[in-house]
Amino acid sequence: MVDFETAEAMGISRQAFDEVLDIIGRQPTIDELSTLLAMWESNGKQQSLYGWLRGQHHVVERNEYLYSGSADHKAIREPRVKECLEIAREITGKDSFSSFSSLTSLTSWTRSTGLLLYMVGNVSGEFADSEYARRCLHLVDEPMAAGGHEEDCQYIEMILDALKDGEMLLASAPVGQGGLFCSLLRFLTPTQTIKQSRNQAIGFDILVPREVRLDAFLFGEEKGRYVLALEEKQDDAFLLKMDDARLNCCFLGRTTKNRVVVDGYDFGPTTSYLSAN
C-alpha cells in the first residue's frame, strides 16, 4: 500500500491523494494509484478527481455531439451515470440481449482480472439508429451513413490481427449492437462461462472521456470502433504500435471480477445482466 509520502514523491498532491482514499476506502497500491491518475490526466482534469469519478455531467457544449438529422435528438438531456444504469438494464433485458450477434471473445482469458481495456477507432457522439435510441428514447431514424467505415474497419482489423499474431493483444471485437456497454459484456463474458460458473464471471471498470456525451459513448452503435484486451506488460509497446499506425486509441479501464463499474458508479454484478441467457 502507498502512503502519502510515497505518493507525494510521485507528484501527487495531498488533495488528490485524499480523494483517492475516499473513493476506494483504503490506501491504494502503486498500480492502482498510477492507473487512476493516468486516466485522470488523460480524460478528466476539468474537474476534481473526486467529482470526475463520481459521475458528474461531462464537460461538453450542449448538443455539440448530437446527431444533426433531427431536432428531437438535440433536445435530449444527457443522463447522469446513475441514470445510465437503468438504460443498461433495459437494453440488456432478455429479449434484447439474446438477439445480439454471436459472441466474439477468447475463452482462454475470460477469467482474468486486471487486464487493460482499450477502444480503438474514433470516439463517437452518435446514438441515432441504435438500440438505445429505439428502446429508451423511442426515436426512429434512417440508418447512419456507413460511407467510409468499410475501409477504416479493414485497416483497423488488419492492424489488430497483426498485434494478436504477435501476442501483443489477447483479443479484440467490434463495437456492435447495444453499443460499447453491451459489446464489453459480450466480449468479456461468453455465455458458456456464465452457465458454468457464475462466481467466475468477468466484468469491467471503465471511465468515459469528458469530451463526449455519456449515453452516446456507452450505447451508440456507430461502426469503426473496436474493444480489445491486453496484459499490462504489453501496454507501452501497444501504444507505440497505435502511434505508428496512426490509430486513435482510448484507454477504457480494466477487467474486474463480476462487477460492472462506469465512472466510479457501481452498476452491479456482471451476472445480473446475463442471467437471462
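This is a short chat about the sheet in a predicted model.

Visitor: What kind of model is this, and how are residues numbered?
Guide: The model is predicted, local features need pLDDT of at least 70, side-chain atom pairs count only at pLDDT 80 or more, and totals for chains, interfaces and linings use all residues. Residues are numbered from 1 along each chain as its sequence is written, and side-chain values use heavy atoms, with hydrogens and water left out.

Visitor: What order do the strands of the open sheet have?
Guide: The 7 strands run E2-E4-E1-E5-E3-E6-E7, with mixed pairing. Strands (E, at least two residues) and helices (H or I, at least four) are DSSP runs numbered from the N terminus, and two strands pair if DSSP finds at least two bridges between them.

Visitor: Which are the edge strands?
Guide: E2 (171-174) and E7 (265-268), since each pairs on one side only.

Visitor: What does E7 pair with?
Guide: E7 pairs with E6 (residues 260-262), antiparallel, over 3 bridges. Asp-266 in E7 is the bridge partner of Val-261.

Visitor: And E3, in which sense does it pair with E5 and with E6?
Guide: E3 and E5 are antiparallel over 5 bridges, while E3 and E6 are parallel over 3 bridges. Ile-202 has Lys-257 in E5 as its bridge partner, and Ile-206 stands opposite Val-262 in E6.

Visitor: Is E3 (residues 202-206) mostly covered or mostly open?
Guide: Mostly covered: 4 of its 5 residues are buried, where buried means under 20% relative accessible area with a 1.4 Å probe, protein chains only, exposed means over 50%, and partly exposed is in between.
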